[in-house]
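Grab a pencil and work through these exercises with the model open beside you. Each task comes with a solution that goes step by step.

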Amino acid sequence: MGKVIIIGAGGVASVAAHKVAQNSDVFTEIMIASRTKAKCDVLAKAIEAKGLVPVGSIKTAKVDADNVEELVALFNEYKPDLCMNLALPYQDLTIMEACLQSGVNYLDTANYEPKDEAHFEYSWQWAFKDRFEKAGLTAILGCGFDPGVTSIYTAYAAKHHFDEIQYLDIVDCNAGDHHKAFATNFNPEINIREITQKGLYWENGKWVETEPLEIHKPLTYPEVGPKESYLLHHEEIESLVKNYPTIKRARFWMTFGEQYLKHLDVIQNIGMSRIDEIEYEATGLDGKPVKVKIVPLQFLKAVLPNPQELGENYEGQTSIGCRIRGLKDGKEHTYYVYNNCSHRAAYEETGMQGVSYTTGVPAMIGAMMFMKGLWKRPGVWNVEEFDPDPFMEQLNKQGLPWHEIHDGDLEL
Ligand code: NDP
């Protein structure tokens, strides 16, 4: 049905590329392009070796996604129908701009964040709406798990189970163990920036700010049990309260273990989470001292375990869902919809751990929705603005089955 280009060759892109190849009736041609072409080649070969697509059929390319001209040249040469942006949030705007200049549709999993400021919001990407609409191109924003599936769960609840959603709590638990003292489950730089920010939630028509990780409580997750869960700011809250104005309170919770938080504390206290440049005396290739500028958090990323390599010894599962309270036919009801994903099963299928899997699979399904013409609408859209039903159906078929609890105790 269409040609796809995947930008990025990290954990999420690896899973998405596997799933795209598993659905070759929908994705007729595949290209993987990233900063390091060798990584794209390794990934393409691994997928072809599994017999998912013919050997030599996945194209690869080197591209700097910070550079609009390079992207446009690649898009004009390959002529994809859709670009799946699975690089980093820093590249969202350049990739969207290149899509507009070369007539390519767009999908991503994380909203734009400037490199020099740990701050994310949708305004930068929503500003592209008119241009995508006029160009007749579709841009699908936030199509991972959270944002992504959690937003679609909310849309599904609004469509089938509530007249009015009033309280929304998104709960994200990683009850896995990778047997490392400290590691992040996706790009360490992006992950640490997200967690060390102030918390934020929506209540009675306005944002309420908290200190980082200030609010926490134990929540019980299916098949996992109670886990201390911390209130964070998360991007899908911003679009969900706009698209569902009946919501009185919307919050996002994520679990962290004591060991993880202890390391995070030390990282912050010793200045390793800084995102400003510092001068450092390194050794040049000629063996002589040379002054270089480094960003401590980027340096830390270079020494931390690579999230892509956690899969082999990862045990346990993730459990992510939406706990919703609202009205149906004048009566109050609760609804909990969630998925549990085993790190081991994810690794056996794609070579990646569960966090990359739960992001890469929805990215592929979103791309499939576009290719099938089900989510094709000129403009820039968050996923909850499309019909959730065909997406929910595919979640069950593509490895992320969901479960529902009606009128249970939400604990929140
Ligand atoms: P990784 O760091 O593993 O992968 C990022 C990839 O992007 C790497 O291959 C990297 O290249 C490539 N890249 C970075 N900069 C550029 C550039 N300028 N030009 C071209 N390629 C570039 O990250 P993840 O796979 O863990 O995460 C990918 C995305 O998914 C992120 O945006 C993250 O925020 C998002 N995410 C979303 C979630 C959700 O549920 N919605 C959950 C988890 C992640 P190289 O290999 O050379 O470094």
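Helices and strands here are DSSP runs, at least four residues (H or I) for a helix and at least two (E) for a strand, numbered from the N terminus. Keep in mind that this is a predicted model.

**Exercise 1. Find the loop that holds proline 147, and work out what is unusual about the peptide bond leading into proline 147.**

Step 1: Look between β6 (138-141) and α7 (149-160); proline 147 sits in that loop.
Step 2: Check omega from aspartate 146 to proline 147: the value is near 5°, so the bond is cis.
Step 3: Set that against the usual picture: most peptide bonds are trans.

**Exercise 2. Lay out the open sheet of 7 strands and say which strands stand at the edges.**

Step 1: Write down the order, β3-β2-β1-β4-β5-β6-β17, with parallel pairing.
Step 2: Pick out the ends. β3 (59-62) and β17 (379-382) each have a single partner strand, so one side of each has no neighbour in the sheet.
Step 3: Add the twist: neighbouring strands are turned by 20° against each other on average, ignoring direction.
Step 4: Zoom in on one pair. β4 (residues 82-85) and β5 (residues 105-108) run parallel and are joined by 4 bridges; leucine 82 has asparagine 105 as its bridge partner in β5.

**Exercise 3. Work out how β12 pairs with β7, β8 and β11: parallel or antiparallel?**

Step 1: Start with β7 (residues 164-174), which runs parallel to β12 and is joined to it by 6 bridges. Tyrosine 167 is partnered by arginine 249 of β12.
Step 2: Move to β8 (residues 199-203), which pairs with β12 in the antiparallel sense over 2 bridges. Here tryptophan 202 faces alanine 250.
Step 3: Then take β11 (residues 225-232), also antiparallel to β12, over 4 bridges. Serine 229 has threonine 255 as its bridge partner.
Step 4: Check the cover on β12 (residues 249-255): 6 of its 7 residues are buried.

**Exercise 4. Which residues come nearest to the ligand, and which element gives the most to the shell?**

Step 1: Among the 33 residues around the ligand, the nearest are Gly8, Gly10, Ala65, Gly144 and Phe186.
Step 2: α1 (11-22) and α13 (354-371) are the elements giving two or more residues to the shell, and α1 gives the most, with 3.
Step 3: Sort the shell by class and you get 16 nonpolar, 12 polar and 5 charged residues.

**Exercise 5. Describe the largest nonpolar core and follow the contacts of methionine 84.**

Step 1: This core has 110 residues, and Ile7, Ala16, Ile32, Met84 and Ala367 have the most contacts inside it.
Step 2: α13 supplies the largest share, 11 residues.
Step 3: Leaving out residues up to four places away in sequence, methionine 84 touches Val4, Ile6, Ile7, Ala16, Leu107, Ala363 and Ala367.

**Exercise 6. Buried or exposed: how do cysteine 322, asparagine 204 and aspartate 329 count?**

Step 1: Recall the cut-offs: 20 or more C-beta neighbours within 10 Å means buried, 12 or fewer means exposed.
Step 2: Cysteine 322, in β15 (residues 317-328), has 24 such neighbours, so cysteine 322 is buried.
Step 3: Asparagine 204, in the loop between β8 and β9 (206-210), has 7, so asparagine 204 is exposed. Its phi is positive, near 45°.
Step 4: Aspartate 329, in the loop between β15 and β16 (331-342), also has 7 and is therefore exposed. Phi of aspartate 329 is near 50°.

Note on methods: Residues numbered from 1 in each chain as written. Predicted model: local features only at pLDDT ≥ 70, side-chain atom pairs only at ≥ 80, totals over all residues. Pairing = 2+ DSSP bridges. Axes fitted to C-alpha atoms, helices over the stretch in contact; angles between N-to-C directions. Near = placed C-beta within 6 Å. Nonpolar A, V, L, I, M, F, W, Y, C, P; charged D, E, K, R; others polar. Core = buried A, V, L, I, M, F, W, Y, C linked by C-beta atoms within 7 Å. Contact = placed C-beta atoms within 7 Å.
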